[in-house]
Structure formats: structure tokens, C-alpha cells
Amino acid sequence: MSTQTFRRIVRRETHSPRTVAMIIAAGVLIAALTYIGTGIVLYMLAQPDLLLGLPSAVAWIIGLPTVQPEWLAAISGVVLGLLGLVFLFLALTPGRLPKHQMKCGERAIVVDNGVIASSIAKYVSDETGIPLNDITVGVSHRAADITLRPRIGARLNEAPIRDLVAAEIDSYRLTPSVKTRVRIIRPYESDLDG
Amino acid sequence: MNSTNRVLNRIILFVVGIVLLALGAAVVTIIIWPAAAKYWTGAATAIKSWTEAAIADTTVEATTINGFAMAILLLIIILLILVILVLTHVGGGRSRTVLHASGQQNPLGHVTVQESFVSDALKHSLNNREEVLFSSVSAKNIRKQPVLHLSVTPRQNTSPRDLVEDLNTLVTNLATLTGENVPTYISLHSGLRAKLARNQRRLA
């Protein structure tokens, strides 16, 4: 089995295809082209145009700097530009999906970050005895954030928990690798009162 | 996983984005900046008179039909066809046949394993597992090579490492059974289905 094919699969699965955005862009393109095309045909047949006849459209484009109201034209320009920026952004950014590659044997494996996060939460809960509800885990592209809210009286140190979690994450053999950050939050004020 | 051409997607997005950005920027510039407005009027008028000359030169006698407009129309139609062609090629790449065990000398001929057989075999094994909420198996052609895709949604708090090791064994066993090691791609998913289900395994 060629690793090249697997690399291709993993890459495609961890990055957005941008198909939805492409279909919207293509729709805009088709609408614009169809409108112009219809305009040209109607002009050649000397028929009345759909909205704006070709000659008056040309006159409008030439007179664009003096179009009234000015603010409306300016806002339209800004909206068009922003839409263009959004499309450009989608075209040029990598579009990473919240997933990681896992290594196990010779197979291509892709895991949602959510699966990793909930598994780590369970692991920390089992190892420390803190209830699952008091553990929040977020896994991003490069980091895993573990937030613990121990009950009153429980004393926790960050370092051993960090080592524990780091060892667990290492055993998943994720690509790209994930750094561990542990945060311990004081109990709620309301808990102290009660 | 499908065979959508992603580079093409990006190219279309890029082109449409650049055009829209340029149009927007032009409109804003000519409204805000008088010098640009002056240039715009001059350039637009020049283009208009050039176009009018081109239309006059190519007009067929006694009609309003002219070659210049026809050329532009043709260009528009070609562009439209290209865009529609791209849209119709989105997706695809699914394959029904997973493997041909043709190397074996078999008096009955070639052995072909259909996707449904592999799918049933794997799903049957996975349904017995408490931590697997949902699984689906499909076959795809990737670079003309059949690849098995095993998609699994485990319960929350399931260790992906243990699950993947088991899935790996399962696929290896299947390979032993059918006599051919089909390239397999495994994906583990979280999602609404996992969030709504019970966290823990139910005790029987």
C-alpha cells in the first residue's frame, strides 16, 4: 500500500474542500454572465431589455462617479469588496478541519478533536477522582487545554496532571503533535458559602 | 472523501474573489477620490467609443446583429459551459467493488468481493461493541485504487487509541479472511449523535 495514497487521504480528510463556497461563487458567476448574455442578445434583436437597456447601462457605468446618492454607491462598493475578500480568504487559507491524524499500524486514521477531548477528560477523571462535570478539555490544532475545578478541600498540582495528560496524548501518536496546558480554577464563591 | 477537484474549487474562489474585490475597490475609489473619477470617466468614454466603432465595423448589413457582440456572447457561453461542467463534477469517486482476488488459481474463476459484503462483515462486528454508536463502511476509488473507508462514531469518553487498535485488528482479520489486504482508512467522529447518547456504557 502506497503511503502516498494514505497521505493524500489524510490531507483531504483534515482540510475543507471549499465546495460550498465554490458553488456560491459559481452561482454568482453564472448569474452575472447570464444577465450580461441576455442583455447582449436582446440588444441585438432590438428588443426591450430586462431591467436596464445596454446603452443606458453603459451610460450609467460611465457616470458612476456622479451617481446619487453617493453613500449608497459607496456602500455597495464596500459590500462587493468585502464579499471578494471573503472569497479570497477562503481560496487562500488552508481550511484546516478540527481533526488530527493518529498513527496506529499501517492504516490511515483521522480522529475528530472532540473524540480526543472527551477521552482525555475521562482519563483525567479516572486518574484524579475529579467528577467529569468539573473537567473541561479543549483540543485545538496544536494544543490541549485542560481546565479543572476541584471541589473544596481538594488540593491539586498542575505539574503531575500535565505529565499524566501529556503521556496519554503521546500514546495517541497524533500528527500534528499537541501541547498540553493545565489550568486549575478555584472553587465557585457560591460553593464556599454553601 | 470524494474526488472533487479541490484546486479547481480554490481557483474559482480566487478568480471570483479578485474580480469582486477589484470592482468594489474601483467603485469606492472613484466616489471618494476626484482624480480617479476623472480618469474613470475618460477611460470609460474611450472604451465606449472603441466598442461603438467595433460594433459599427462588424454589423451585418440592414440588421442590428454584429460580430463584436457575437464574439462576446460566444465568450460568455463558453465560460458558462465551463462553470457548469465544474459544478457537475463535484463529488463522485464511489466504488462498489472493493477487491478482486484474481491472483488465486481458482477453478471457479475470479473472486470479487463487493462493498456490501465487507460492509456487512465489519458492521456486524462493530454492532456488538457497546462503545460504538454508529458505523458506516464505504469503498472509494482513490487514484484508481480501491480504498475502504471505515467511519465510526464512538460514545463520548471512549479512548480513541484502544478503539483504533481494535478496529485495526478487525480489518486485519477481514484481510486474512478474504485473502487480500485492502487499503483501509479509519475515521473517528464526534458530533451530535455522540453528545446525545449516554456517556458510559450501559451495564447489561
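I began with the pairing of β4(A) and β6(A): these strands run parallel and share six bridges. The model is a predicted one. I then looked up one pair in detail and found Ile184(A) of β6(A) as the bridge partner of Leu148(A).

Next I turned to the other neighbour of β4(A). Strand β3(A) is antiparallel to β4(A), residues 143-148, and five bridges join them. I noted a hairpin here, with three residues between β3(A) and β4(A). Across it, Thr136(A) stands opposite Thr147(A) of β4(A).

I put the sheet together. It is open, has three strands in the order β3-β4-β6 of chain A, and its pairing is mixed. Why does one side of β3 and of β6 lack a neighbour in the sheet? Both stand at the edges with a single partner strand each, so one side of each is left free of a neighbour. On average, neighbouring strands of this sheet are turned by 15 degrees against each other, direction ignored.

I checked the helices. Helix α5(A), residues 113-128, packs on the sheet and touches β3 and β4 of chain A. Its direction makes about 145 degrees with that of β3(A). Helix α6(A), residues 158-172, lies across β4 and β6 of chain A and runs at about 145 degrees to β6(A).

Last, I followed the side chains of β3(A), residues 135-139. Which of them are buried? Ile135(A), Val137(A) and Val139(A) are buried and point to one face. Thr136(A) and Gly138(A) point to the other face and are not buried. I wrote down the general rule beside this: side chains in a regular strand alternate between the two faces of the sheet.

Methods:
Residues numbered from 1 in each chain as written. Chains lettered and ligands numbered in written order. Predicted model: local features only at pLDDT ≥ 70, side-chain atom pairs only at ≥ 80, totals over all residues. Heavy atoms only, no water. Buried < 20%, exposed > 50% of the residue type's maximum accessible area, 1.4 Å probe, protein only. Helix = DSSP H or I, 4+ residues; strand = E, 2+ residues; numbered from the N terminus. Pairing = 2+ DSSP bridges. Axes fitted to C-alpha atoms, helices over the stretch in contact; angles between N-to-C directions. Contact = heavy atoms within 4.5 Å.
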